[in-house]
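Reader: Hi, I'm new to reading protein structures, and I'd like to go through one slowly with you. Could you put it up so that we can both look at it?

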Amino acid sequence: MEIRFMSIGSGSCGNCYYLGTEKYGILIDAGIPVKTIRLALKKENIPFESICAVFVTHDHADHIKSLGVVASKAMIPIYTTKKIHEGITRNYCITAPIDPQYTRFIEKENTLEFKDMKITAFEVPHDGTDNVGYCIEIGDKVFCFLTDLGCITEIAAEYINKANYLVIEANYEEEMLAMGKYPKFLKDRVSSRTGHLSNQTTARFLAENFNEHLKYIWLCHLSEENNHPELAYKAVEMQMRSYGIIPGKDVYLGVLKRSTPSPLYHLECGASQGD
């Protein structure tokens with residue numbers, strides 16, 4: 001069972017990630033136009049009709065704009081916590097309401113068995129109405145998504161340390177934010193414990209907690225104003241090298257672009273649950 005992953009959008013302009021197998025897939029967030037999602041999948045010969053669900057991380061506009069359209073027109077169920085769903089219904093940026101018949105509720109730390117996947121939402125610190133990361137087991141492989149969080153808590157670290165494949169935020173370069181044009185209140189919000197992770201924070205955690213079963217790392221949700229892909233990559237690479245970990249040799253390290261889809265990654269097969 002091959003695991004396939006692609007970022008369709010990763011940043012404040014809109015977020016959406018695809019994870020699937022040869023037969024079906026799910027989306028993590030849908031904050032970009034459905035047409036863009038369809039086109040990106042079509043280029044990789046993935047039928048949009050193979051999408052079985054959308055799992056939502058939180059209720060900020062760049063993660064939810066197209067949820068109502070996905071649900072009502074494509075008849076795809078939307079999985080959220082009750083609090084995230086309440087936040088979505090209050091958000092004026094959503095382009096269409098989510099039809100109640102396509103609403104599904106999940107609870108943090110309660111694992112949902114979904115086809116070949118075991119999906120667990122877990123708490124992350126961010127300033128949405130409610131906020132989760134996702135740990136997704138496919139056979140004997142573990143995928144972890146942490147797209148928006150202000151700090152790495154014990155719970156977040158526990159799930160990160162299980163991952164074979166990790167999507168984790170590296171939102172801003174600390175010096176760029178400090179010297180940039182954002183007003184002080186916004187700088188304080190971004191750098192707070194309920195804001196976003198800096199390149200430096202992500203780099204330190206990954207270097208200090210690296211383990212051999214982590215095979216792929218993708219840095220996500222880079223700020224347009226306060227970061228650059230090369231800076232994020234270099235921050236993590238240099239910190240890991242200082243611990244004797246060589247990206248490209250010991251682990252794959254990539255940076256997901258804000259508005260350009262990534263390649264479709266064909267990852268190591270997950271053994272079936274019965275193996």
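Reader: What is the strand order in the open sheet that has β7 in it?

Author: This is a predicted model, and in it that open sheet has 7 strands in the order β7-β8-β9-β10-β11-β12-β13, with mixed pairing. The edge strands are β7, residues 112-114, and β13, residues 252-255, and each of these pairs on one side only. Going from one strand to the next, the twist averages 20°.

Reader: Which helix packs on that sheet, and which strands does the helix touch?

Author: That is helix α9, residues 229-242, which touches β12 (216-220) and β13, and whose direction makes about 155° with that of β13.

Reader: ok, and how do β9 and β10 pair, parallel or antiparallel?

Author: Strand β9, residues 132-138, and strand β10, residues 141-146, pair in the antiparallel sense over 5 bridges. If you would like one pair to find on the screen, look for Ile138, whose bridge partner in β10 is Lys141. As background, strands of a sheet pair through backbone hydrogen bonds, and they can do this either parallel or antiparallel.

Reader: What about the sheet with β1 in it, how many strands does that one have?

Author: That open sheet has 7 strands, in the order β6-β5-β4-β3-β2-β1-β14, and its pairing is mixed. At the edges stand β6 (103-105) and β14 (265-267), each with a single partner strand, so one side of each is left without a neighbour in the sheet. Neighbouring strands here are turned by 25° against each other on average, if direction is ignored.

Reader: So what joins β1 to β14?

Author: There are 3 bridges between β14 and strand β1, which covers residues 3-9, and the two strands run antiparallel. Ile3, for instance, has Leu267 in β14 as its bridge partner.

Reader: And which strands does helix α1 lie across?

Author: Helix α1, residues 34-43, lies across β1, β2 (16-20), β3 (25-28) and β4 (51-55), and it runs at about 140° to β1.

Reader: Switching topic: what is the volume of the largest pocket, and which residues are nearest its centre?

Author: The volume of the largest pocket is about 260 Å³. Its lining is made of 19 residues, and those that lie nearest the centre are Ser12, Asn171, Tyr182, Arg189 and His196. Sorted by class, the lining has 4 nonpolar, 9 polar and 6 charged residues.

Reader: Which helix gives the most to that lining?

Author: It is helix α7, residues 184-191, which gives 3 residues to the lining of the largest pocket. Helix α7 also holds both Lys184 and Asp188, which are 4 residues apart, about one turn of the helix. Their side chains meet in a salt bridge, with 2.7 Å from N to O.

Reader: Why can two side chains pair up like that?

Author: In general, side chains of opposite charge can pair when their charged atoms come close. A search of the whole structure finds 10 salt bridges.

Reader: Last thing, how many cavities of 30 Å³ or more are there?

Author: There are 2 cavities of 30 Å³ or more in the structure. The largest cavity has about 50 Å³ of space, and the residues that line it include Ile160, Leu166, Phe205 and Asn209. By class, that lining divides into 7 nonpolar, 3 polar and no charged residues.

Reader: And what lines the second largest cavity?

Author: Among the residues lining the second largest cavity are Phe55, Ile106, Glu107 and Tyr134, and the volume of this cavity is about 30 Å³. Strand β8, residues 117-123, supplies the largest share of the lining, with 3 residues. The classes there are 6 nonpolar, 2 polar and 1 charged.

Key. Residues numbered from 1 in each chain as written. Predicted model: local features only at pLDDT ≥ 70, side-chain atom pairs only at ≥ 80, totals over all residues. Heavy atoms only, no water. Pairing = 2+ DSSP bridges. Axes fitted to C-alpha atoms, helices over the stretch in contact; angles between N-to-C directions. Contact = heavy atoms within 4.5 Å. 1 Å grid on protein atoms, 1.4 Å probe; cavity = no way out; pocket = protein on both sides within 12 Å on 5 of 7 lines; lining within 4 Å. Points joined across faces, edges and corners; volume = space filled by probe spheres on them. Nonpolar A, V, L, I, M, F, W, Y, C, P; charged D, E, K, R; others polar. Salt bridge = Lys/Arg side-chain N within 4 Å of Asp/Glu carboxyl O.
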